[in-house]
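Please look through the model below with the text beside it. The paragraphs go from a hairpin to a ligand site and then to a metal site.

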Amino acid sequence: MKLHIKDKFNVELPADTILENSRRQVSKACFSFVIPKKTANPELLHVSPEILDNLGLSQDDAKSEMFLNVFTGNDILPNTKPYAMCYGGHQFGHWAGQLGDGRAINLCEVEHNGKNWALQLKGAGETPYSRSADGLAVLRSSVREYLCSEAMFHLGLPTTRALSLALSGDQVLRDVMYDGNPAYEKGAIVCRTAASFLRFGNYQIFAARQDYDNLKVLVDYTIKHHFAYLGQPSKDVYIEFFREVTNRTLDMIIHWQRVGFVHGVMNTDNMSILGLTIDYGPYGWLEGYDYGWTPNTTDRENKRYRYGNQPNIGLWNLLQLANALYPLIEEAKPLEDILNQYKTDFDKKSLEMMRSKLGLEIHDENDQQLIQELEDNLHLSETDMTIFFRNLSDFKNASEGLGIVKDAFYKPDEIVAKIKTRWEDWFNKYEQRLGLETISFEVRQSKMKAVNPKYVLRNYMAQLAIDNADKGDYVLIDELFKMLKKPYNEQPEYEKWFAKRPEWARHKVGCSMLSCSS
Ligand code: AMP
Ligand code: MG
């Protein structure tokens, strides 16, 4: 196995001088060197052929003893020095101080075909940042991260990715619903990849500690390696850097809204500086279209991270990042202008995104109203987001509107009287609006199918794959992995996955509600 290793993060940035792997506050450092924990009986369950390729590895490499050992933490590649990153963050709106890679260990960075890939094991044992937890991960959360991050990539979303999914052979104790009933679960390790795993929290921790020297070192490093097109670091470039992060964050969230992805834990330590979807925990996919829905049980009361609030939270998180960068800029106005621009851009981009979901090419002044009425209607009776928009691409005229989307309704009996009238009104308006367009039905249909996915990783689907995997059957992981590579294509062999969530899954743990326990 030959990887072109080119470490930068742990070579160019300040390291924790203490080498002991004890839980503590780490100051004046971006990371701590740490060695992954040896596992009892590691077993690879799945490897992504594309990520192998991206890293310059072959299928044979993936079958080697070395691959198994390295990507389960039992061996270290020659000339590498694994490390855990130091970061802080706002959790659920409150500053939480130092957090850091408590269950993630970076192995190295690889350069291949002009791209930089940081490789990171999730669940490979404790680090100085593990606080009161064990640094491990269980099979269920690892399957969810592995499948979803690759699915998101193929949906066209910015995201971290995953190379491999493995069992550690160790047992891990978890209290899934935080109700005092802990049980042993199978331990697992995912190797994930990204150009960088830097988060807003990496900058916040230095600002919070008023360590502006290291704040500057880290920002300059980030610009040099990940935003080089902005030029040499200067006050103006710091402002442009913030603008870029803002734009990327907004674009990512618009994509989330488009496909119905709810992250679940948008704490600032889970916000990538590159604008990637990162840290797949208690995320979920909208089934019924509902602005108020969150999959995360920890957030059940306030629903801070509900679907409809993700764009606001993105802005709130960017404000925290602006505060962290302020000491390098010492001028509030340009940062405030960028944050204000986020709001204007959100309205514009969100409207554009919804137009694309409806197959509207030209801009009509009543579009906002049409979209608002549609969203109101979608809330009248539980309506499956994915099926509704996908089937809408078959729309030709209002008289058959309800027939086309009927499979999206969870309670078809409710589509009567006023609710039925409101839908009929809307379909009439939609038909009239389509009359303003010049593109043909076929062109519109194919454009709509390219933005309204047919297959997403519904919560119950991941749970079925997990239940099987727990019994030693990994076939479904592979089936979902393959299907989700082409989420916009008709795939007749997988038609059974283009269906509403079955009723048994409505209240089942893992299918509708998830905890942060992982
Ligand atoms: P999260 O919001 O789930 O991404 O995690 C918040 C913080 O808790 C991060 O610093 C994680 O590294 C840490 N953490 C979560 N689970 C564990 C675990 N099992 N062991 C150690 N640290 C953890
Ligand atoms: Mg996290």
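Strands here are DSSP runs of E with at least two residues, numbered from the N terminus, and two of them are said to pair if DSSP finds at least two bridges between them. The model is a predicted one, and the hairpin to start from is that of β4 and β5, which has 2 residues between its strands. Strand β4 covers residues 88-91 and strand β5 covers residues 94-98; the two run antiparallel and are joined by 3 bridges. Gln91 stands opposite His94 of β5, and in this hairpin Phe92 takes a positive phi near 50°.

From the hairpin we turn to ligand 1, which has 17 residues around it, and of these Gly100, Gly102, Arg103, Arg131 and Gly135 come nearest. Several side chains place polar atoms by this ligand: for Arg131, a polar side-chain atom lies 2.7 Å from an oxygen atom of ligand 1, while an N or O atom in the side chain of Asp134 is 3.2 Å from a nitrogen atom of the ligand. In the side chain of Asn270, an N or O atom is likewise 3.2 Å from an oxygen atom of ligand 1. Taken alone, ligand 1 exposes 490 Å², of which the protein buries 86%.

Asn270 also leads to the metal site, where the magnesium ion (ligand 2) has as its protein donors Asn270, through OD1, and Asp279, through OD, lying 1.9 to 2.1 Å from the ion. Both Asn270 and Asp279 are buried. Asn270 thus appears in both parts of the picture, with a side-chain N or O atom 3.2 Å from an oxygen atom of ligand 1 and with OD1 as a donor to the magnesium ion.

Technical notes: Residues are numbered from 1 along each chain as its sequence is written. Chains are lettered from A and ligands numbered from 1 in the order in which they are written. This is a predicted model: local features need pLDDT of at least 70, side-chain atom pairs count only at pLDDT 80 or more; totals for chains, interfaces and linings use all residues. Side-chain values use heavy atoms; hydrogens and water are left out. Donors are N, O and S atoms within 2.8 Å of the metal (3.2 Å for Na, K and Ca); water is not among the atoms, so sites may look incomplete. Buried means under 20% relative accessible area, exposed over 50%, partly exposed in between (1.4 Å probe, protein chains only). Helices (H or I, at least four residues) and strands (E, at least two) are DSSP runs, numbered from the N terminus. A residue is near a molecule or strand if one of its heavy atoms lies within 4 Å of it. A polar contact is a pair of N or O atoms within 3.5 Å; within protein, one must be able to donate a hydrogen and the other to accept it, and residues adjacent in sequence count only if both atoms are side-chain atoms. Accessible areas come from the Shrake-Rupley method with a 1.4 Å probe; for residues, only the protein chains shown count as cover.
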